[in-house]
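Student: I would like to go through this structure with you, one question at a time.

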Amino acid sequence: MKIGELAKRSGLSAHTIRYYERIGLLPYADRDQSSQRDYDASILIWIAFLGRLKTTGMPIREMLRYAALRESGVVTEAERRAMLEQHRERVRAHLADLQACLLVLDTKIAGYAGPDERTQTYDEIPPQRRRKPARTRTTGTR
């Protein structure tokens, strides 16, 4: 498949595909008789996996390391597995943080429910502070 079709099917731009190829995230594509890139459809699986790694926050340098190990074949399976296990733990920790944030948001949203639906008082109006009006400082206080 040509780069335009790969872009359409993968959701990446042609520019991004060329960039990923240049830095080593994607293997170099075969070329047809007119020197245009000609990709095998199996590259879509690899691109989807890279997208998952990116979505879960794996830095490009780690993705590059993983891609290089993948290119080296089965002898690197243990190292690739270890990389993915470490990344999974980071994703789990991040997910726990997000779940805690979601709980705070849910609690805050519940506080804005109608007065009859509230089970607690949220966001009560704080006592008013007495502030001096602007430009009423006494001179020489600096």
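The turns below begin with the overall fold and then move to its parts.

Student: In what pattern do the helices and strands follow one another along the sequence?

Tutor: The model is a predicted one, and its chain contains five helices and two strands. Read along the sequence, these elements give the pattern α-α-β-β-α-α-α.

Student: What share of the contacts in the chain with a separation of 6 or more comes from residues 24 or more positions apart?

Tutor: The chain has 142 residues, and buried residues make up 21% of them. Turning to the contacts with a separation of 6 or more, the share that comes from residues 24 or more positions apart is 40%.

Student: How do the residues in the contact of H3 with H4 divide into nonpolar, polar and charged?

Tutor: The axes of helix H3, residues 43-55, and helix H4, residues 60-71, come within 11 Å and cross at roughly 150 degrees, and this crossing is right-handed. On the H3 side the contact is made by Trp-46, Phe-49, Leu-50, Leu-53 and Lys-54, while H4 contributes Met-63, Tyr-66, Ala-67 and Arg-70. By class, the residues of this contact divide into seven nonpolar, no polar and two charged.

Student: Which classes of residue are found in the lining of the largest pocket, and how many of each?

Tutor: The largest pocket has a volume of about 150 Å³. Its lining consists of Pro-27, Tyr-28, Ala-29, Asp-30, Asp-38, Tyr-39, Asp-40, Ser-42, Ile-43, Trp-46 and Arg-70; Trp-46 and Arg-70 are also among the residues that make the contact between H3 and H4. Sorted by class, the lining has six nonpolar, one polar and four charged residues.

Student: Is His-87 buried or exposed?

Tutor: His-87 has its place in helix H5, which spans residues 77-111. Leaving aside neighbours within four places in sequence, His-87 is in contact with Leu-53, Thr-56, Gly-57 and Met-58. The relative accessible area of His-87 is 5%, and because the term covers values under 20%, this residue counts as buried.

Student: Where does Arg-92 lie, and how is its accessibility classed?

Tutor: Arg-92 also has its place in helix H5. The C-alpha atoms of Arg-92 and Thr-56, which are 36 residues apart along the chain, are separated by 9.8 Å. With a relative accessibility of 48%, a value that lies between the 20% and 50% limits, Arg-92 therefore counts as partly exposed.

Student: What separates the C-alpha atoms of Ala-41 and Leu-6, in Å?

Tutor: Ala-41 lies in the loop between strand S2, residues 37-38, and H3, and at 41% relative accessibility it counts as partly exposed. Although Ala-41 and Leu-6 are 35 residues apart along the chain, their C-alpha atoms are separated by 8.2 Å.

Student: What is the value of phi at Ser-35?

Tutor: Ser-35 has its place in the loop between strand S1, residues 30-31, and S2. Its phi is positive in a residue other than glycine, with a value near 65 degrees.

Note on methods: Residues are numbered from 1 along each chain as its sequence is written. This is a predicted model: local features need pLDDT of at least 70, side-chain atom pairs count only at pLDDT 80 or more; totals for chains, interfaces and linings use all residues. Side-chain values use heavy atoms; hydrogens and water are left out. On a 1 Å grid over the protein atoms alone, a cavity is a set of points where a 1.4 Å probe fits but cannot get out, and a pocket is an open set with protein on both sides within 12 Å along at least five of seven lines; lining residues have an atom within 4 Å of a point. Grid points are joined across faces, edges and corners, and a volume is the space filled by probe spheres set on the points. Ala, Val, Leu, Ile, Met, Phe, Trp, Tyr, Cys and Pro count as nonpolar, Asp, Glu, Lys and Arg as charged, and the others, Gly among them, as polar. Axes are lines fitted to C-alpha atoms, for helices over the stretch in contact, and angles run from 0 to 180 degrees between N-to-C directions. Helices (H or I, at least four residues) and strands (E, at least two) are DSSP runs, numbered from the N terminus. A crossing is left-handed if the near helix is turned anticlockwise from the far one by less than a right angle, and right-handed if clockwise. Contact means heavy atoms within 4.5 Å. Buried means under 20% relative accessible area, exposed over 50%, partly exposed in between (1.4 Å probe, protein chains only).
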